[in-house]
Amino acid sequence: MKKVAVVLGSDSDLKVVEKTISTLKEFSVPYEVHILSAHRTPDQLTAFAKSAESSDISLIIAAAGKAAHLGGVIASHTVLPVIAIPIDSSLNGLDALLSTVQMPSGIPVATVAVNGALNAALLAIQILSINEPVLLEKLKIYRQNNTQAVLEKNNIIEEIFNIKR
Ligand code: RP5
């Protein structure tokens with residue numbers, strides 16, 4: 001299986017992106033992690049994005065806050081899918097969300113919710129599962145477990161609040 005590249009605009013994004021990394025690990029998806037910035041390391045980011053396709057990378061997850069151009073800049077240099085996580089570094093993440101999601105036609109970036117680290121990993125795994133039946137099965141089990149967990153919570157809350165039925 002090819003690797004997922006996780007790119008952070010700053011080490012300060014790591015506390016959110018840890019969930020992305022741990023989820024990829026949970027599904028045994030190979031990954032690599034980089035700190036590269038659209039503004040602070042533009043040359044290195046461009047070199048990374050241009051070489052990603054030939055570097056055994058299947059898709060890229062880009063996490064950045066504030067004027068978050070990381071996902072868009074990467075997407076402009078590669079046709080690999082780019083999933084972006086707007087990070088709440090200021091303004092409740094609204095600045096990063098709009099900077100990330102409002103891409104011009106022709107250069108898509110799949111943007112998850114502000115700090116949506118788990119969903120970024122799951123979306124990446126869902127894309128990979130098109131060619132990886134093992135991941136497809138793991139995703140189905142993950143969903144079933146999710147459903148079960150909610151139903152168990154529902155049982156508890158119903159017992160607490162609906163004593164009379
Ligand atoms: C963005 O600016 C980073 O992705 C981070 O979310 C934010 C703040 O970066 P630091 O000043 O903490 O390095 O580029």
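Six helices and five strands make up the secondary structure of the chain in this predicted model. Followed from the N terminus, the elements come in the order β-α-β-α-β-α-β-α-β-α-α. A reader tracing the chain for the first time can use this order as a simple map, with a strand at the start and two helices at the end.

Some overall values help to set the scene. The C-alpha trace spans about 65 × 40 × 30 Å along its principal axes. Of the 165 residues in the chain, 40% are buried. The accessible surface amounts to about 9,400 Å², and carbon and sulfur atoms account for 56% of that area. As for charge, the chain carries 14 positive and 15 negative charges, and the mean positions of these two sets lie 3 Å apart.

Contacts can also be sorted by how far apart the partners stand in the sequence. Among contacts between residues at least 6 apart, 68% join residues at least 24 apart.

Helix α4, which covers residues 94-101, offers a closer look at one element. Its buried residues are D95, A96 and T100. Viewed down the axis of α4, these buried residues fall within an arc of 120 degrees, so they line one face of the helix. A general rule of helix geometry is useful here: an α-helix has 3.6 residues a turn, so residues three or four places apart point the same way. The packing partners of the buried residues of α4 are three strands, namely β3 (57-65), β4 (82-87) and β5 (110-111).

Note on methods. Residues are numbered from 1 along each chain as its sequence is written. This is a predicted model: local features need pLDDT of at least 70, side-chain atom pairs count only at pLDDT 80 or more; totals for chains, interfaces and linings use all residues. Side-chain values use heavy atoms; hydrogens and water are left out. Helices (H or I, at least four residues) and strands (E, at least two) are DSSP runs, numbered from the N terminus. Buried means under 20% relative accessible area, exposed over 50%, partly exposed in between (1.4 Å probe, protein chains only). Contact means heavy atoms within 4.5 Å. Accessible areas come from the Shrake-Rupley method with a 1.4 Å probe; for residues, only the protein chains shown count as cover. Lys and Arg count as positive and Asp and Glu as negative; His and the chain ends are not counted. The place of a charge is taken as NZ of Lys, CZ of Arg, CG of Asp or CD of Glu. The arc is that of the directions from the helix axis to the C-beta atoms.
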